[in-house]
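Colleague: I want to see how each label on this model is earned. Can we go through a few?

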Amino acid sequence: MANVPAGLKYTREHEWAKVEGDRARIGITAFAQEQLGDVVFVELPKVGARVTAMKTFGVVESVKAVSDLFAPVSGEVVEANADLPKSPELVNTDPYGKGWMLVIRMSNPKEMDGLMSAADYEKLVADGGH
Amino acid sequence: MHAAKPAYDKLIFELSAPGRFAYSLPDSDVPDSDPAALLPKEHLRASAAELPEVSEVDVIRHYSRLSQMNYGVDTHFYPLGSCTMKYNPKINEDMARLAGFARLHPMAPEAASQGALQLMHELARDLAEISGMDEVSLQPAAGAQGELAGVLMIRAYHLARGERRHKVLIPDSAHGTNPASTALAGFSVVELKSEANGDVDLVDLERHLDEDVAAFMITQPNTLGLFESRIHQITEMCHAKGVQVYMDGANFNAILGITRPGDLGFDVCHFNLHKTFTTPHGGGGPGSGPVGIKAHLAPFLPTPVVVKGPDSNAGGYALDWNRPQSIGKLQAFWGNFGMLVRAYTYIRTMGPDGLRSVSENAVLNANYILKRLEGDYDRSAPGPCMHECVLSARRQKKLGVTAMDIAKRLLDLGFYAPSTYFPLIVEEALMIEPTETESKETLDQFCDAMIQIARETESSPQVIHDAPLTTPVRRLDQTLAARQPVLRWRPSP
Amino acid sequence: MRYISNTPAQQKEMLATIGASSIEDLLVRIPPKARLSRPLNLPRAMAETDLVRHLQRLAGLNAAADDYACFLGAGSYDHAIPSPINHLISRGEFFTAYTPYQPEASQGTLRSIFEYQTMMAELTGMDVANASIYDGASSLAEAALMAHAVTGRDSLVISRGVNPLYRQVVETYVEGPGLKLKSAPLGDGLTDVDALRKALSKHVAAVVIQYPNFFGCLEDVRGIADIAHEAGALLVVVADPINLGLLTPPGASGADIVVGEGQGLGVPMSFGGPNLGVFAAKQELVRRMPGRLVGATVDVDGQRGFVLTLQTREQHIRREKATSNICTNVALCALMATIYVSILGKRGLRKVGELATSKAHYAARELGKIPGVRLRFSAPFFKEFTLQLPKSPERVIKRLMKDRVLAGVPLKGFDRAYKDCLLVAVTEKRTKEEIDAYAAALATAVA
């Protein structure tokens, strides 16, 4: 049974995005952290950096694998999760909560419409995630 | 149940006692020996480095005990696929230690280094003959450096023809150093799909071949242990578009005296002397990765090139630095000479018939294992293999036992594990390369162990999940090591 | 064939099991036109006694440091190798083991590398060292790439005091990524800091100096670190770790990355290889470091153990995004160095430096007394110095061979500006007698 919260939007690369006014909070999904295994490190951009939709903004590392992180939407980074350097395991234990990665001030909120709904993402995961 | 073997758990620093020492240095025999009088104060260390203070007995005992915690080829069957863990002849060690080799400085006058230069020249010539290439550079320090040198030479070749090509094609079955070396040389890597048995997908290759491709890099035999039989067609397809073809020589142990990259249309290949040519693995190195080329790439060889000729040192050997189109240098001096001596000694020990017999027996041994295990493990491809075989633990995974579990259980049964999870295109891959130096008795023992594990998977998998039980340490927490890296010893406060 | 165990009878048995009539059946995938139709054209197999004789003859043609007083340096040194090292590294469990990917069966190698990393960090004054790179030059090349990755800047300023062979290797490595190299010239044997300042800009990722430098002179590391950092660049220092038992470690003077050649720590000169590339850096740079890293952890019983860690930087996982393409470390050479440092220890390593520098200063004084011979630079030096000669260094070298002296490395090939100069290295192995004999022979040669 997939862990896919209803109120969020999703990318094909297994990131989630939550609208908070003119901002989007983003992270990776439960499926993604399960595939990776124990997360050991997350590389995030600094506050003030710009990210572009569907381009990489960082990297998440587990013991045996490393994955690029893709921005669901474009904009400016206004917050980066300061708990992740010390506690990368939060991505595993609470991927939609304490394991959040960035808050982006969206430059083009319409990009959200192009993301997958919870139902569509759930189907993607059921099909194997590709 | 843990078969408790009291593990030796000391680091050399933990054996220290202030005032203990193991060195023997003479007193100074020159006047003015106080560095404070000779050197300005700012260059003198304020406090001594925190290094051990131990006796010679401590040193011998500590490192001897550490060695007993390793599995090596001298003590264990080591079937790591693609690593060619064959026996390391001891005569090689004696020859590398001859004073005229080990105690020779690289900048000794060339006229006084003729023996070393001759050895290098002859070895290069031998490797050229073995590979069917025209010239060989012995400089690269390891296979990955050999790859870098090869790709840089290809780059230089295209530039010299007035062409700037940006891409290199590499199959998804390739060893990780292939794309890494290629990226380092400034190319973008285009990954091609392989067929299920590791063969090149000719349609995918054709689709990607164009004049922006500098090279196609493959391993032959491929990383599933199979000979790519359409190789002539492949090299012709590439050459038709001006694409250079590179052979990763990691699997050379399969083809000595049987076929040669130069005859198959390859333009460049590298050798792993620490695989095929018995130089010891040493716990991870040093290696040596000579690179062989066809004549059109000769202007780009790394400098210096060891030459023989009428102009050099009264008809003898010399280092030729006059190579204006060279790609430059990979390491400071001329190559891992100590490893070159070992490889040379091996080639002279074996001779042409011996080398051929190496590959024949390597192929025989791998096929024997494949036959004995194909009932219990999935094959990755039909037909005979070459010097290594790739099995899949797919069946075992369904019962909850992974390739990694199997590897750990093998350690308890007295074997080093095969390679696991490579190549990436085979699920739960177990890559087994016995090499020619193993006997049928050893192969049978290994196969018996693998079959035992397959039975245990069905009837009592817990003993596999708990493995290893008999090694000095049991399964280690890799996550902790990566989350909270502790990369050096520190004294307790 | 003594390395192949299977007898013809066993081969037959195995073929029968496989269901093949001969080994040819197993080679069926190789097309006939690919098959070599003749034996390899190599010399016939040699019996062991013949082979030994042949190699002894080849070895005998070389001027080994056992038969000559060796004053050669330039990146490879005749330091004494204590007797236990060869015995220990010749233990089969060490030298026939593989890379420690199965850590439970490789604790010997992993623990010795952990000790090695600790020792190199201590000597260089840095936070963390890796398990080694191929040699000092490739180590420097990796540092150049790392500086680019860390700062995002695409050029480096390399002092002319850095070993020119190292510079050539850096040039080869930066070709692909397209980084630019600029030089900072020397003034009287040391990096010209005014010229260095002028060469810096917001495009410079790192300043590279060598300590002591190629000509033997002791650079002002702290001063240059400040200049580099002001410009937002890293400082990379090339240093010989054996010297750092006595000299101020570059880490204490502000270096961000320290690389160098560890051959002096118990590794035979062996005509230039294999060598030992030291690589150490500050803690915050650890995830960008190339090469293997061994870390401490615990096993399921809570017992201490060691593993390769942070492997996701490496080629077998990251592939084309790896920090480097490196796939080996020179583990056996690192083990030699680890045992060497254990034997010399806290005080012994310092003493090696004291002996080397006092003998080097004695030699410089004695040689400098010869009419026409002088120290080329007035800067302080450690165990190596540059001598200016009134006659061609190449001719002098040739003459002194007859006196069984390897006089030094001629510098013409490196830089024509120094075509009358000889680089002379003096280690703790050189006796007063050897130095006096050298001086006497040199006096005759240049008279």
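Colleague: What makes β7(C) and strand β8 (residues 234–239) of chain C a pair?

Modeller: This is a predicted model, and the pairing is read from its bridges. Two strands pair if DSSP finds at least two bridges between them. Six bridges join β7(C) to β8(C). So the two strands count as paired. They run parallel. For one bridge, take C:I209, whose partner in β8(C) is C:V237.

Colleague: How do you know that strand β3 (residues 155–159) of chain C pairs with β7(C)?

Modeller: By the cut-off of at least two bridges. Four bridges join β3(C) to β7(C), and these strands run parallel. C:V157 has C:V207 as its bridge partner in β7(C).

Colleague: Why is strand β7 (residues 204–211) of chain C called mostly covered?

Modeller: Buried means under 20% relative accessible area. Eight of the eight residues in β7(C) are buried, so the strand is described as mostly covered.

Colleague: Now chain B. What makes β1 and β3 of chain B edge strands?

Modeller: Start with the order in the sheet. Seven strands form an open sheet, β1-β7-β6-β5-β4-β2-β3 (chain B), with mixed pairing. β1 (135–137) and β3 (188–192) each have a single partner strand, so one side of each has no neighbour in the sheet. From one strand to the next, the twist averages 25°.

Colleague: How do you know that strand β2 (residues 167–171) of chain B is paired with β3(B)?

Modeller: Five bridges join them, and they run parallel. The cut-off is at least two. B:V168, for instance, has B:V189 as its bridge partner in β3(B).

Colleague: Which strands does helix α6 (residues 143–160) of chain B lie across?

Modeller: β4 (213–219), β5 (244–248), β6 (268–270) and β7 (291–293) of chain B. Helix α6(B) runs at about 175° to β5(B). Angles over 145 degrees count as roughly antiparallel. So α6(B) is roughly antiparallel to β5(B).

Colleague: Why are α5(B) and α11(B) called oblique to each other?

Modeller: The axes of α5 (residues 114–131) and α11 (residues 337–373) of chain B come within 10 Å and cross at roughly 45°. Roughly parallel needs under 35 degrees, and roughly perpendicular starts at 65. The crossing fits neither, so the helices are oblique. The crossing is left-handed.

Colleague: Which residues meet there?

Modeller: Among them are B:L119, B:L123 and B:L127 in α5(B), and B:F337, B:L340 and B:I347 in α11(B). The contact residues divide into 13 nonpolar, no polar and four charged.

Conventions:
Residues numbered from 1 in each chain as written. Chains lettered and ligands numbered in written order. Predicted model: local features only at pLDDT ≥ 70, side-chain atom pairs only at ≥ 80, totals over all residues. Heavy atoms only, no water. Axes fitted to C-alpha atoms, helices over the stretch in contact; angles between N-to-C directions. Parallel < 35°, antiparallel > 145°, perpendicular 65-115°, else oblique. Left-handed = near helix turned anticlockwise from the far one by under 90°. Contact = heavy atoms within 4.5 Å. Nonpolar A, V, L, I, M, F, W, Y, C, P; charged D, E, K, R; others polar. Buried < 20%, exposed > 50% of the residue type's maximum accessible area, 1.4 Å probe, protein only.
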